[in-house]
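Biologist: I should like to request a close look at one part of this model, and I begin with the contact between its domains.

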Amino acid sequence: MALTRSPRWFAKGVADLANSPWPPTLRGRVWLASPRLISSPEPPTFGSSFGVLSKRAAAASSSSMAVSLRWSPGPRSLWDEPLAISVHGLAPAQPVTLRASFRDEKGELFQASARYQADAGGQLDLARAPALGGSYSGVEPMGLFWSMKPAKPYWRLVKRDVQTPFLVELEVYDGHDPQPTKVMAQVVHERGFLGPGVKRIPVREGSVRATLFLPPGSGPFPGIIDIFGAGGGLLEYRASLLAGHGFAVLALAYYAFEDLPKDMKELHLEYFEEAVQYLKNHSQVKGPGVGLLGFSKGGDLCLSMASHLKDITATVTLNGSMANVGSVLHYKGMTIPPLGSDPKRIKMTKDGFADIVDALNNPLEEPNRRSLIPVEKAESCFLFLVGLDDHNWKSEFYANEAAKLLQAHGKKKPKIICYPATGHYIEPPYFPVCPVSFHALVGTLVIWGGEVSAHSMAQIDAWKQLRAFFHKHLGKD
Ligand SMILES: CCCCCCCCCCCCCCCC(=O)SCCNC(=O)CCNC(=O)[C@H](O)C(C)(C)COP(=O)(O)OP(=O)(O)OC[C@H]1O[C@@H](n2cnc3c(N)ncnc32)[C@H](O)[C@@H]1OP(=O)(O)O
């Protein structure tokens with residue numbers, strides 16, 4: 001049974017942060033270095049893994065031993081890369097508290113902290129030492145990242161400009177005091193979204209509004225179209241990270257962006273067909289077909305593309321639907337209406353958030369069947385990634401029903417991977433879990449589901465699975 005974290009957990013989390021043990025002066029702002037830097041003549045280079053001492057911290061840390069914080073790959077890495085984090089120069093068995101924090105492009109703070117104890121040699125390796133409490137516990141080498149929470153309630157991590165990194169600060173405090181003050185070391189690490197040599201190419205071809213990401217080298221590379229869900233605009237971060245793994249990825253906008261429709265009430269598959277042809281015909285994209293990656297509403301758009309369009313070889317959905325949802329879909333004179341819903345089936349949680357998981361009608365019952373996506377017409381192979389605690393809609397049911405439809409028509413059995421205690425927003429690895437936020441289509445705060453630790457592990461596995469699936473079916477670069 002999936003453990004769902006009620007938003008109370010989230011609300012408590014926010015309260016915790018409000019009473020955060022971190023003195024305001026140290027919250028997400030102080031740049032410190034190991035005492036070694038105090039004596040070093042040259043100022044730290046920006047990209048180095050050291051920062052600049054604040055007066056208070058200098059006083060606090062000058063009395064501490066030469067404690068150093070190391071992580072690799074340093075001083076910069078990609079957001080989806082695991083880090084090896086260790087602390088050196090502590091006293092044997094010294095209790096310490098580690099804290100990670102950064103601010104997103106809207107200036108909103110994300111942070112996590114955990115208590116540890118150095119080993120007999122005064123070392124602390126997060127790959128071996130268990131966290132004794134805080135934002136997470138146990139041996140969690142990347143716990144400081146995936147357990148981060150926003151200081152602002154109901155806020156999701158969204159990387160809007162993939163050309164700039166997030167600057168993550170990691171601090172080591174002496175002791176387990178709820179209000180630690182003695183900073184012993186600090187490093188700033190660049191967590192980027194554009195890998196070395198990955199090219200970012202805005203695409204304004206015909207009516208296509210997108211951004212193409214090409215891996216380093218001349219290719220040709222297997223091509224993927226990446227489509228987000230309801231919300232509009234153009235989110236590039238999943239595409240840019242995926243391009244770092246050898247794929248040519250087209251992040252595709254489809255409404256509320258430049259001269260595209262302002263809303264998603266009416267969508268035309270011809271627009272998506274144009275995007276497929278653009279990518280397929282690109283000189284650095286390997287044919288014969290392309291891959292599709294769709295999240296949420298982007299998932300049902302990918303199924304419609306695979307069902308009606310040519311040259312779709314491999315399709316992956318992240319908590320997608322197998323019925324057309326949220327918009328009327330047109331294609332060559334055909335009109336597929338959106339699946340209906342009944343607001344009366346929207347439940348309210350104890351914390352006053354909407355739970356819309358039951359709001360949509362059953363697509364297998366009449367007259368809803370007219371919204372079904374005819375996946376049986378697809379030539380593509382499919383991977384359905386499902387969060388079993390998805391509260392946006394019934395992702396597991398949709399994946400199983402789509403599988404039945406495909407097999408009933410003699411098509412290959414799709415691969416379905418279900419993740420327990422995992423909610424709707426399956427993002428790339430190490431994205432903080434968002435249990436509650438504003439739903440662009442429903443127009444209110446909704447619960448998305450997901451227990452932080454399980455959901456975080458699911459994000460790591462889902463990322464591996466979709467990359468392997470695309471490499472298998474689209475070929476390696
Ligand atoms: C009542 C009748 C019901 C009828 C019965 C219903 C049944 C219903 C059944 C289910 C039907 C589902 C069908 C679609 C299923 C999906 O698709 S679920 C959604 C999946 N979401 C995604 O894929 C992400 C897509 N993109 C986005 O979320 C948006 O583009 C962004 C990135 C949040 C906003 O980007 P933007 O265009 O720059 O917009 P922006 O002006 O910054 O923000 C607009 C609002 O978004 C929110 N927002 C913006 N940034 C953030 C952030 N980082 N964190 C949190 N919120 C943010 C804020 O609320 C903001 O409003 P304000 O506070 O400014 O007033």
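What area do domain 1 and domain 2 bury between them, and what percentage of that area is on carbon and sulfur atoms?

Modeller: This is a predicted model, in which local features need pLDDT of at least 70 and side-chain atom pairs count only at pLDDT 80 or more, while totals for chains, interfaces and linings use all residues. Residues are numbered from 1 along each chain as its sequence is written, and side-chain values use heavy atoms, with hydrogens and water left out.

Domain 1 covers residues 68-192 and domain 2 covers residues 199-475 of the protein chain; these bounds come from an automatic or database assignment. Between them, domain 1 and domain 2 bury about 2000 Å² (accessible area, 1.4 Å probe, lost on joining and summed over both). Of this buried area, 68% is on carbon and sulfur atoms. The C-alpha centres of the two domains are 32 Å apart. Domain 1 supplies 22 residues to the contact, and domain 2 supplies 25 residues (heavy atoms within 4.5 Å).

From the contact, we may pass to the strands (DSSP E runs of at least two residues, numbered from the N terminus). One open sheet contains 6 strands in the order 2-9-8-4-5-7, and its pairing is mixed (a pair needs at least two DSSP bridges). Strand 2 (76-78) and strand 7 (149-150) are the edge strands, and each has a single partner strand, so one side of each lacks a neighbour in the sheet. Within this order, strand 8 stands between strand 9 and strand 4. Strand 4 (residues 95-103) and strand 8 (residues 166-174) run antiparallel and are joined by 6 bridges. One residue of this pairing can be followed in the model: Val-96 has Asp-174 of strand 8 as its bridge partner.

Another antiparallel pairing joins strand 23 to strand 24 (residues 444-447), here through 4 bridges. The bridge partner of Phe-438 is Leu-445 in strand 24. Strand 23 and strand 24 make a hairpin, with 4 residues between the two strands. In the turn of this hairpin, Gly-443 has a positive phi of about 80°.

The backbone also deserves attention. Most residues other than glycine have a negative phi, and most peptide bonds are trans. Ala-256 has a positive phi, near 50°, although this residue is not a glycine. Ala-256 is located in the loop between strand 13 (248-252) and strand 14 (266-268).

Two peptide bonds that precede a proline should be examined as well. Ser-72 and Pro-73 are joined by a cis peptide bond, with omega about 0°. Pro-73 belongs to the loop between strand 1 (68-72) and strand 2, and strand 2 is one of the edge strands of the sheet described above. The bond from Gly-287 to Pro-288 is also cis, with omega near 0°. Pro-288 is located within strand 15 (residues 285-295), whereas Pro-73 is in a loop.

Notes. Buried area is the accessible area (1.4 Å probe) that two parts lose on being put together, summed over both.
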